[in-house]
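Trainee: Got a minute to go through this protein with me? I'd like to start with the basics.
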Amino acid sequence: VSMMLGCQPSMPLVIPPNLKAPCPPLQKLESGQGKDILPIMIDDRRKYVDCQQRHAAVISIVDKKPSM
């Protein structure tokens with residue numbers, strides 16, 4: 001007995017706009033002085049953590065997408 005299955009419509013993958021945003025640019029280090037490096041390093045770390053969390057959120061959305 002042969003069964004033919006028709007194409008099933010797939011659910012659209014919806015990713016919120018805030019998760020589609022590119023990672024922000026990092027600040028340019030203008031001098032090598034410690035007083036200038038530390039604030040930039042802290043800012044860069046915050047930007048990286050935010051970007052990493054958004055990336056993880058997108059991956060979790062894609063991983064939860066129902067299979068056909």
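Mentor: Sure, terms to begin with: helices (H or I, at least four residues) and strands (E, at least two) are DSSP runs, numbered from the N terminus. This is a predicted model, where local features need pLDDT of at least 70, side-chain atom pairs count only at pLDDT 80 or more, and totals for chains, interfaces and linings use all residues. Residues are numbered from 1 along each chain as its sequence is written, and side-chain values use heavy atoms, with hydrogens and water left out.
Trainee: OK, how many helices and strands are there in the protein?
Mentor: Two helices and zero strands.
Trainee: What does α2 reach from its first C-alpha to its last?
Mentor: Helix α2 covers residues 34-63, 30 residues in total, and reaches 43 Å. That is close to the expected 44 Å, which is 1.5 Å times one less than the number of residues.
Trainee: Which residues of α2 are buried?
Mentor: Ile 40, Asp 44, Lys 47, Cys 51, Arg 54 and Val 58. Buried means under 20% relative accessible area, exposed over 50%, partly exposed in between (1.4 Å probe, protein chains only).
Trainee: Why might buried residues be spaced like that along a helix?
Mentor: An α-helix has 3.6 residues a turn, so residues three or four places apart point the same way.
Trainee: New topic: how many disulfides does the count come to?
Mentor: One, taking a disulfide as a pair of cysteine sulfur atoms within 2.5 Å. Cys 23 and Cys 51 form it, with their sulfur atoms 1.5 Å apart. Cys 23 sits in the loop between α1 and α2, while Cys 51 is in helix α2, 28 residues apart.
Trainee: Is Cys 51 buried or exposed?
Mentor: Buried, at 15% relative accessibility, whereas Cys 23 is partly exposed at 43%.
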